[in-house]
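Visitor: Could you walk me through this structure, and start with how it was made and how you count things?

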Amino acid sequence: MTDSAKPTLLVVDGHSLAYRAFFALPVDNFTTKDGQHTNGIYGFLAMLINLIKAEKPTHLAVAFDTSRESFRTREYSDYKANRSETPSEFKGQIPLLQDCLAAMSIQVLQKPDFEADDILATLATQGAAQGYNVLVCSGDRDTIQLVTDDVTLLYPNVQGVSQLKRYDTDAVIERYGVRPEQYPDIAALVGETSDNLPGVPKVGEKTAVKWLTQFGSLDALLDGADGVTGVVGNNLREHIDAVRRNRTLNRLLTDVELPVTVTDLEVQPMDAQAVRDIFARLEFKSLIPRVAELAGIEQQMAAVTSAAAMLAPVAVEPSPSDLAAWLDEASGEVAVTVTVDGGLPHRVGFSTADASAEATWNAEVAASLTPWLSSDAPKVFSDAKSQVKALRRAGVVLGGLTFDIIVAGWLMRPSFPDKTLAHLVDRYLDEKLPEADPTQLVPETEGATPGQLSWYTLRVAAKVREELAPSVASVLHDIELPTLQALADMELAGVAVSHAKLSGFSSELAERADAIAQDAYATIGREVNLGSPKQLQEVLFEELLLPKTRKTKTGYSTDAAVLADLQESNPHPFLDQLLQHREATKLRQIIESLDTAIGPDGRVHTTYVQTGSQTGRLSSTDPNLQNIPVRTDESKRIREAFEVGDGYETLLTADYSQIEMRIMAHLSADPGLVEAFNSGEDLHRFVGARVFAVDPSEVTPAMRTKVKAMSYGLVYGLSAFGLSKQLRIEQSEAKQLMMEYFARFGAVRDYLRSSVEQARIDGYTETIFGRRRPFPDLTSPNRVLRENAERAALNAPIQGSAADIMKIALFHIHHDFAAENLRSRVLMQIHDELVVEIAPGEWDAAEKIVRERMGDAADLTVPLDVQIGRGSDWNIAGH
DNA sequence: GCAATTACGTA
DNA sequence: CGTACGTAATTGCC
């Protein structure tokens, strides 16, 4: 029992426990999508969390070995020499584990030349002397010697680390028959196989205990060794030096000099955001709430000493005219929050540095506030787009949008999911946004009102601005905020989709899928769920006995590439039937989701997620209009359902051709590639002619396919292995192709190399327009993480610059259409393509704007080529 | 009911 | 062992 009046010090041997967890947990179940093994980290943290929860330590530290070498190996070179090489899968986990502990504000201690247990011994001794209850958690038996009335050992059971056994003095006596301080004497006599310390032959615990009880101490035993009879007595006399050596080596040091004292180990509040970040990276979803629970306890404790968070002022609710007058007089920026109900404004709230006000949206409020809302008076929002849309539905065109904290937060940290005001309040203000609990009918806590939300928004904006690099700020103001307004209008406009065209096709595909399924069942003689990879594996690899394919986490892959390979090596009708079934059902899925998304206005309104990618691209959801099939004949029928809407004349599509390769030419300034784009020749033909040293007219389709794959692959960091795989050629041939390619376009390789190197130095990549993406993993000692980061870093400036260019073109077009009073409007953006709905009589004017704005969006050393199409539906217009 | 996994559509 | 996304179905866990 612990004395609750005393503080509790918990010291943990990180290395030995993580190592046990590593072997106890199946590595297959603990691997991130990046390939990082996490079983040791996970097992250790799960144990530590349970331990903290159960023991509630007031002071805490985790110690690590720095390497296998220590003063002990210098004294006895065979110490631990029999241990097998530490698996590399484990080694890489230790730095990540230490990152986790740092995020949890847990003190990590290690010291060259000493083992973790020496640090534990030193801290335990200090702690006990200073009146702490001390808990030592270690997987090394030598720590038994530390147990006293004040020091308890927590030792893992044989299996894993989930169960810890408590050793106090009585428990040690019960288990080993001697007092804790005598345990090293026993160990010295018996020896420790795991440390490569042989003891006295034929002497086990029983004999050792008997001797010690008989002689009273190890010294007395060794002095009186001549009096010990029998074979074991002879053995003892012969191995007396080994015993002395063992006893020296297994004595833990209690006077290691450390940079901290026990009082410095007081439990600190966790950095909640850092914990979430690193746990998310390691994909420890289930651990996050468990840590949060702990953090809650700690924050309560910490709150006693730290100042209470500022409380949001109660917003006043003035008359509409007073509110408008107050806004007009506001000197600086005003934060605005519009709550939306049924797509329309419901409540509006405003906050300046020193006051907040709010109102319920109605005709009178709308009339009073519209002039200010549509003016250039500076306004800050949190996630403006949905609010901009609501206002626009109410007839108000928002002006003066100068900051959006969600977009700005994303620009600074595009990889982190700070997608709500609450996240940002947490991260930048270190406060909790009051939120109503949606699971409770009568919430215990009130949610913040719009005025209060604005107050938080304004304060977050100030913090975010401080951290915003100038180049990123310019991306926000010059690209993202204008784009936001254009996106709002695109979403509101939607695109007309014909239910009639879709529903017929859908049932046709359903019938086809059904028929294929029946054939497939006949082929294999039973019914299976063709949508279940698990059941398919049984059929393919156990019943049809086809060769095993690429491994996945849960078995063997059955994806299309794998099935195509199988079909080639082991042709079987089932494979084809499965592929066809997949194709039909997938197509039907897409059609169905599209069909159900058609609104009462006959149009589909997607949502563009402006913060949806790490590179600067948009993403599209509910439904995703950026992955509508295009490659096959069947998919054309889907695009035919995207029609010009009532009151409009035709659709226009405009796409950038080879924009990423053009950006590559610009950034690398490769003379060959620049010439390719300035020559007017087909890019792949031109490149093929150079690579294969033939005349452009002699470039065969096969040659063109190869250089095309190579060119596109470059942008993604493709390897010779990947290239050979894709082109189904020998790796040696792929290697040769890459050599020839770089011999002719060497500046491309130089650029790619130097851009990754620069990113390693800076810690981030930057697009032509200054958009940044951090890459902390470029310096990771973990090869998987590092190489993944290198490929992403290679791609980010190219994909990101293309996204910048498209956004610039988009908002310019949007702006020009309005400025020239055209009714024509942009409907969709598919990364390098725009779809525009042209009002009657406006083709020439609209086409000119689109062509010029896209062509002039960036000033590169190569031209931006824009392809324009026209037609009554997306399929026709897209040609 | 939720999360993980697999597969697949786009640029 | 190719970047960036979103969706849907199955499956296993809580």
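Guide: What follows is a chat about the DNA contacts, the cores, a few buried residues and some backbone details.
Guide: This is a predicted model, in which local features need pLDDT of at least 70 and side-chain atom pairs count only at pLDDT 80 or more, while totals for chains, interfaces and linings use all residues. Residues are numbered from 1 along each chain as its sequence is written, chains are lettered from A and ligands numbered from 1 in the order in which they are written, and side-chain values use heavy atoms, with hydrogens and water left out.

Visitor: OK, which residues are closest to DNA strand C?
Guide: The closest are Ser532, Gln614, Tyr716, Ser719 and Arg773, out of 29 residues that surround DNA strand C; a residue counts as near a strand if one of its heavy atoms lies within 4 Å of it.

Visitor: And how much of the strand C contact is sugar and phosphate?
Guide: Sugar and phosphate make up 74% of the atoms of DNA strand C that come within 4 Å of the protein. The side chain of Arg773 has an N or O atom 2.8 Å from a phosphate oxygen of DNA strand C, and for the side chain of Asn529 the corresponding distance is 3.0 Å. Gln799 places a polar side-chain atom 3.1 Å from a sugar or linking oxygen of DNA strand C.

Visitor: Which element gives the largest share of the surface near strand C?
Guide: That is H34, with four residues. Helices and strands here are DSSP runs (H or I of at least four residues for a helix, E of at least two for a strand), numbered from the N terminus.

Visitor: Back to Arg773, then: where is it, and what is its nearest side chain of opposite charge?
Guide: Arg773 sits in strand S21, which covers residues 772-774. Arg773 is buried but forms no salt bridge, and the nearest side chain of opposite charge is that of Asp777, 9.0 Å away. Buried means under 20% relative accessible area, exposed means over 50%, and partly exposed is in between, with a 1.4 Å probe and protein chains only. That last condition matters when reading the label, because the DNA is not included in the accessibility calculation. A salt bridge would need a side-chain nitrogen of Lys or Arg within 4 Å of a carboxyl oxygen of Asp or Glu, and for charge, Lys and Arg count as positive and Asp and Glu as negative, with His and the chain ends not counted.

Visitor: What does the Arg773 side chain have a polar contact with?
Guide: The partner is the side chain of Gln614, at 3.3 Å. A polar contact is a pair of N or O atoms within 3.5 Å; within protein, one must be able to donate a hydrogen and the other to accept it, and residues adjacent in sequence count only if both atoms are side-chain atoms.

Visitor: Now strand B: what does that one touch?
Guide: DNA strand B is surrounded by 21 residues, the closest being Thr552, Thr554, Thr558, Ala560 and Val630. Of its atoms within 4 Å of the protein, 88% belong to sugar or phosphate, and the rest to bases. A backbone N or O atom of Ala560 is 2.8 Å from a phosphate oxygen of DNA strand B, and a side-chain N or O atom of Arg582 is 2.9 Å from a phosphate oxygen of that strand.

Visitor: Changing topic, how many residues are in the largest nonpolar core?
Guide: The largest core has 159 residues, and Phe350, Phe642 and Met854 are among those with the most contacts inside it. Helix H34, residues 783-819, gives the most to this core, with 14 residues. Another core lies apart from it, with 52 residues, including Leu120 and Val228. A nonpolar core is a set of buried Ala, Val, Leu, Ile, Met, Phe, Trp, Tyr and Cys residues joined through side-chain atoms within 4.5 Å.

Visitor: Is Thr653 buried or exposed?
Guide: Thr653 counts as buried because its relative accessible area is 1%. Thr653 belongs to strand S19, residues 650-656, and a polar atom of its side chain lies 2.7 Å from the backbone oxygen of Ala877.

Visitor: Last one, where is there a cis peptide bond?
Guide: It joins Asp622 and Pro623, with omega about -5°, and Pro623 lies in the loop between S17 and helix H26 (633-640). Asn821 has a positive phi, near 55°, without being a glycine. Most residues other than glycine have a negative phi, and most peptide bonds are trans.
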